[in-house]
Amino acid sequence: MKLQDLINPAAAKELYLPVMAEIRDVRKLTELETLYTVALPGGAELGHQPGQFVAVSLFGVGEAPFSISSSPTRRGVFELGIRRVGMLTDVLAGCTAGRKIGIRGPFGRGIDVERFKGKDVLIVAGGIGLVPMRSMINYVLDRPGDFGRLIICYGSRSDRELLFTDELEKWRRNPNVDFRVTVDRGSPDWTGHTGVITTLIPGLNLDLDNLACCVCGPPVMYRFALLALRSRGVKEKDIWMSLERRMKCGVGKCGHCQINGSYVCQDGPVYHYPEIKALQEAL
Amino acid sequence: MVRFFLERDRVADLVKHLMERRTVYAPHRKGRRSFAFARTADPAAVVLDYPRTLHSVKKFFLPPREELLRFDLTDDTFAAGEPEPSGAAFLGVHSYDVAAVRRLDHNFSAGNAERNYLVRRQGAVFIGVGFEPDKFHFSGSVGIEPDDTAGCDAFLTKLLDGYVLEILTPTGRELLKGLELPPYEGNDPPAHPFQQHIYVPQSRLGRIMDKSYEHPVWAEASRTCVGCGTCNLVCPTCYCFDVQDHVDITATGGSRERTWDGCMLRGFSEVAGGEVFREGLPERQRHRVLRKFKYLSDTTGVPWCVGCGRCTAACPAGISIANIVNRLVGDAERTPVAPI
Amino acid sequence: MTRKPRVAIFDFTGCEGCELNQLNFEDQLLDILAHVDIVEWREAMDDRAGEYDIAFVEGSLSTPDCIKRIHDVRRRAKVLVALGTCAVTGGVNAVKNTRPIEEVREEVYGQDKYLFPTLPALPLSAVVKVDHNVRGCPMTQIEFLKVFTALVMGKRPIEPDYAVCVECKLRENECVLERGMICLGPVTRAGCDAHCPTVGQYCIGCRGLVSEPNIAGMEEILVDHGLSLDDARRRLQLYNANQLEGAK
């Protein structure tokens, strides 16, 4: 590639102006996480891929990226699962249905669902990594003919922090889903698996010749999840990873989300593992 | 190519001529011994013989602070910021700064093209001027000579008693029409040598950078680095920015503003919740240098450092990017180079 | 908004310059008063009230009585804001902490020293939970208004965590090091919009340090610019005695 010549501004779209959407529903998931149902004006579809994100803003407070938690197969509205960790999310936590919020996006490269088609789908989600992975899970569940088995490994710090508990129950009961959940530290009445998420992987029944796997979780999780998957014989080419970095613009301009030479907001957040294997800052 | 002779005494005529036709931005004195591009009101205040300005002309196309939109908190509406086309004549720009604009043009045109930059950049005319390299310039090592006219509409080269004015584009010819000057028929004025160099050609730098990831130079360079971000903020090719909302004291409205940001600052890679992805100064220093000599160069084929020397001249600790690169070069090529 | 937030202002050990600066907001005072009820403010009024939505507290803590009072303020305040560098880092007062406290008492009060109980000067955060900081000696009006507006809107104010150099460069100032001055801007926390360098003065570090400052690096820079190591340390200590090694 050479240096791109200066183009006419008339050919440039507005990158930083939000669309004013409306919060339709607010559902508390845990002490920290809330699920927001959002509608674009005029009933417009967001038109996203599982794994993509939007920039959410409240005027006077600021803007931040959030992964989309609903599947594109569920139309009319979309959902954002948001943890209270900063100023914007604090204020969002106080928002109720009817509140206007700014939306830009969808941004980034989501899961390349075409490459998952016909295969068993393994989702490895730690903590709020389940938020974007839920989009893929429901996408697979809504198109049962397109994919093989769905295997979900979900790890959480404690049972009190489990997200989407009603849906977890549905997945568990679904005969087409192999659903596994673990918590790092269970409360006294927790009867399920205890241990970090990687302890779920050795016990999985995997068809290594027909598998596509996507991993999403806290930064510390990736290396270990990768090791666990590789030691089970999962091929590098069958692994995708959804990464998080600081972002301001979502359109490849502000520079914050760079890992080595790659912009997470453009080349990610969902990377094919062979692409990031050589990026020292990725995992 | 048309060349004219501009006598020293007639430089003010050139400035006046430009001022009658366009807004003129040119180097002016700032503070005790610095220079800055500013709107010219008095032709006599323009300085064409200067080592480097504090900021490059980048500040006109990507302002240090820029309003992206204004919002009204009473009804949740907003109005987009309205950048104005510059349409100005930029007089007295050095070759490396024009080269830097060229790189910013790429950044804001490629991929998702950005309207704000492109609008501000519209109609800008560059009248370059040659420079005498000081101990910080090393643009020659990244392929940008002091008399490099690329990207300029006209160019001034210093003589003992004035300048050679070279007209390079139809825009330049049109703008300078009516300025009666004698043709210049002398020889090319002598080129000034550089005092600072990077000791390998750009074509070999990418490979050297590839091998440099774990090099001790990053830690060495960080010993006195205080992470103040100055090197980023004075760089003519740095374009990273932050965005924040500001609320008026009446709490009824405010603005969403973007501000220059820098990868040497600790908060640059910090996500909500406190995780800092590039925690240490060595990692940040490495990222800065690799962005200039590898990451962006790998995709565009040109170095993203234009050798202006600003980061080094402005660093409170005197950390030299050329010395860092030469240290890497020296080790890769097994030639001893003094520790930085 | 249901009712106006109740605001109180307190002062501990300090020069009260920050509070005076608040009173100087002639242009904005009416805007401020439109948003809040000021229920307690010794510097400007006599009323005393029970509890507050926001307490602004100026000064460092340097006597046993200060400690008692700050606990009382904390109990009664929903949000506590440290106002000015004394409250945030201990400020200039904390320079005394670099020497044994008895020696300081002796020097200041002489033979009457037993009449004046004194402690090392502490930032509020050493004793109670502080929700937000407004730094500066004195704090600037602009920054106070930013924090104030954020709190009135119910959001968390953003505290810059980068050096004064950033704001100085955004303003395209000539570096004062270039003028042969000794400047602490490279390690001092921004937020002042580089007020001093912009008017040609050097930064004395009045806003405290950025987080994880490279102090050894800064000392070396200062020595390179002509200070002795001792002088460099004293410069850095002026506002940061509690943060730097060597504070007792």
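Let's start with A:Cys214, which touches A:Ile111, A:Ile123, A:Met133, A:Met136, A:Trp240, A:Ser242 and A:Val270, leaving aside residues up to four places away in sequence. Touching, or being in contact, requires C-beta atoms, placed from the backbone, within 7 Å. Please keep in mind that this is a predicted model, where local features need pLDDT of at least 70 and side-chain atom pairs count only at pLDDT 80 or more, while totals for chains, interfaces and linings use all residues. Residues are numbered from 1 along each chain as its sequence is written, and chains are lettered from A and ligands numbered from 1 in the order in which they are written.

Back to the cysteine. In the largest nonpolar core, 206 residues in total, A:Cys214 joins A:Ile123, A:Cys213 and B:Phe90 as the residues that touch the most other members. A nonpolar core here is a set of buried Ala, Val, Leu, Ile, Met, Phe, Trp, Tyr and Cys residues joined through C-beta atoms within 7 Å; buried means 20 or more other C-beta atoms within 10 Å of a residue's own, against 12 or fewer for exposed and in between for partly exposed. A second, separate core has 36 residues, including C:Val57 and C:Ala241.

Now the chain contacts. Between chains B and A, 47 residues of B are in contact with 40 of A. On the chain B side, strand E10 (241–247) gives the most, six residues. Other elements giving two or more residues there include helix H3 (95–109) and helix H9 (281–300) of chain B. Helices (H or I, at least four residues) and strands (E, at least two) are DSSP runs, numbered from the N terminus. That side of chain B divides into 23 nonpolar, 12 polar and 12 charged residues, with Ala, Val, Leu, Ile, Met, Phe, Trp, Tyr, Cys and Pro counted as nonpolar, Asp, Glu, Lys and Arg as charged, and the others, Gly among them, as polar.

Chain C meets chain B too: 31 residues of C are in contact with 34 of B. On the chain C side, helices H2 (29–35), H6 (141–152), H7 (164–170) and H9 (215–224) each give two or more residues.

And how is chain C itself divided? The assignment, automatic or from a database, gives domain 1 (6–152) and domain 2 (164–240). Their C-alpha centres lie 25 Å apart, and 13 residues of domain 1 are in contact with 12 of domain 2. On the domain 1 side, H4(C) supplies the largest share, three residues.

Terms used. Contact = placed C-beta atoms within 7 Å.
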